[in-house]
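Please work through the exercises below with the sequence and the structure open beside you, and try each task before reading its solution.

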Amino acid sequence: MKFFIDTANLAQIKEAQELGILDGVTTNPSLMAKEGIKGQKNILQHYVNICNIVDGDVSAEVISTDFEGMIKEGKKLAALHPQIVVKVPVTKDGIKAIKYFTDNGIKTNCTLVFSVGQALLAAKAGATYVSPFVGRLDDNSTDGVELVERIIDVYNYYEFETQVIAASIRHTMHIVKCMEVGADVATCPLSAILGLLNHPLTDIGIAQFIADYKKVNG
Ligand code: G3P
């Protein structure tokens, strides 16, 4: 089971890395824009900066929607750093691009997945990762965790090697539920990762232990 952080914020990536549990990073154009990163040179440098903080895979998303554009962009992204994974949307051109990248030794993350059928095509094209968006499904009255479980069942049945990233994670229970159904990766905001630590009985227990120690030791 792997933890990725879903942000382009360098301070948050560093904080998760220092925790010692981080396996990688996912970004998307919205997350890059949120950090105010603009201009192709700065965007590419930002991906390199992220790679220099973490040891694992770093997903960088293409903006192009046509096959040729995706290939050109994806090659440029992949050449930036060995940790880069090219993130491609699950469209007709996207599936063709994933197949091309797979055949050319470039890792991919098939994104914006909202159905088992989309996940099936991503796996057939050889995607390294597939990203079902749990939170966005829940936002639309559809069970996001259930989709993760169904994709995993199909992948296991046919022994696909594509790893399932539970994406669009909003809170701790999304992480726990996705792990319970066997997701390979959860990509999460830092708040959700740190939220896993929360339990009032832990806080009460620590306070009690310190109080008892002080009673005896002053
Ligand atoms: O990894 C995909 C993720 O960034 C989407 O999250 O919260 O915008 O649905 P969200």
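The exercises that follow concern a predicted model, and they go from the whole protein to one helix and then to charged pairs.

**Exercise 1. The whole protein**

Task: State how many helices and strands the protein has, and what share of its residues is buried.

Solution: Begin with the secondary structure, which comes to 11 helices and 8 strands. Next, turn to burial: of the 218 residues in the protein, 47% are buried. Finally, consider how the chain meets itself: among contacts with a separation of 6 or more, 56% join residues that are 24 or more positions apart.

**Exercise 2. The buried residues of helix H9**

Task: Find which residues of helix H9 are buried, and work out where around the axis of H9 they lie.

Solution: First locate helix H9, which spans residues 172-180 and has His174, Ile175 and Cys178 as its buried residues. These residues cover an arc of only 100° around the axis, which means that they are on the same side of H9. A general point about helices helps here: an α-helix has 3.6 residues a turn, so residues three or four places apart point the same way. Then look at what the buried residues of H9 pack against: their partners include strand E1 (2-6), helix H8 (144-158) and strand E8 (185-188). Just after H9, Gly182 has a positive phi of about 95°.

**Exercise 3. Two salt bridges between separate parts**

Task: Determine which parts of the chain are tied together by the pair Asp57 and Lys107, and by the pair Arg170 and Asp139.

Solution: The whole structure holds 6 salt bridges. In one of them, Asp57 and Lys107 have their closest N and O atoms 3.1 Å apart. Because Asp57 lies in strand E3 and Lys107 in the loop between helix H5 and strand E5, this pair ties together parts that are 50 residues apart in sequence. Asp57 is buried, at 11% relative accessible area, while Lys107 is partly exposed, at 38%.

In the second pair, the closest N and O atoms of Arg170 and Asp139 are 2.9 Å apart. Arg170 belongs to the loop between E7 and H9 and Asp139 to helix H7, so the parts tied together are 31 residues apart in sequence. Arg170 is partly exposed, with 39% relative accessibility, and Asp139 is exposed, with a relative accessible area of 51%.

**Exercise 4. A salt bridge within one helix**

Task: Work out by how much of a helical turn Lys215 and Asp212 are separated.

Solution: Start from the salt bridge between the side chains of Lys215 and Asp212, at 3.1 Å from N to O. Because the two residues are 3 residues apart in helix H11 (residues 200-217), about one helical turn separates them. Lys215 is exposed, at 68% relative accessible area, whereas Asp212 counts as partly exposed, at 31%.

Definitions and conventions: Residues numbered from 1 in each chain as written. Predicted model: local features only at pLDDT ≥ 70, side-chain atom pairs only at ≥ 80, totals over all residues. Heavy atoms only, no water. Helix = DSSP H or I, 4+ residues; strand = E, 2+ residues; numbered from the N terminus. Buried < 20%, exposed > 50% of the residue type's maximum accessible area, 1.4 Å probe, protein only. Contact = heavy atoms within 4.5 Å. Arc of directions from axis to C-beta. Salt bridge = Lys/Arg side-chain N within 4 Å of Asp/Glu carboxyl O.
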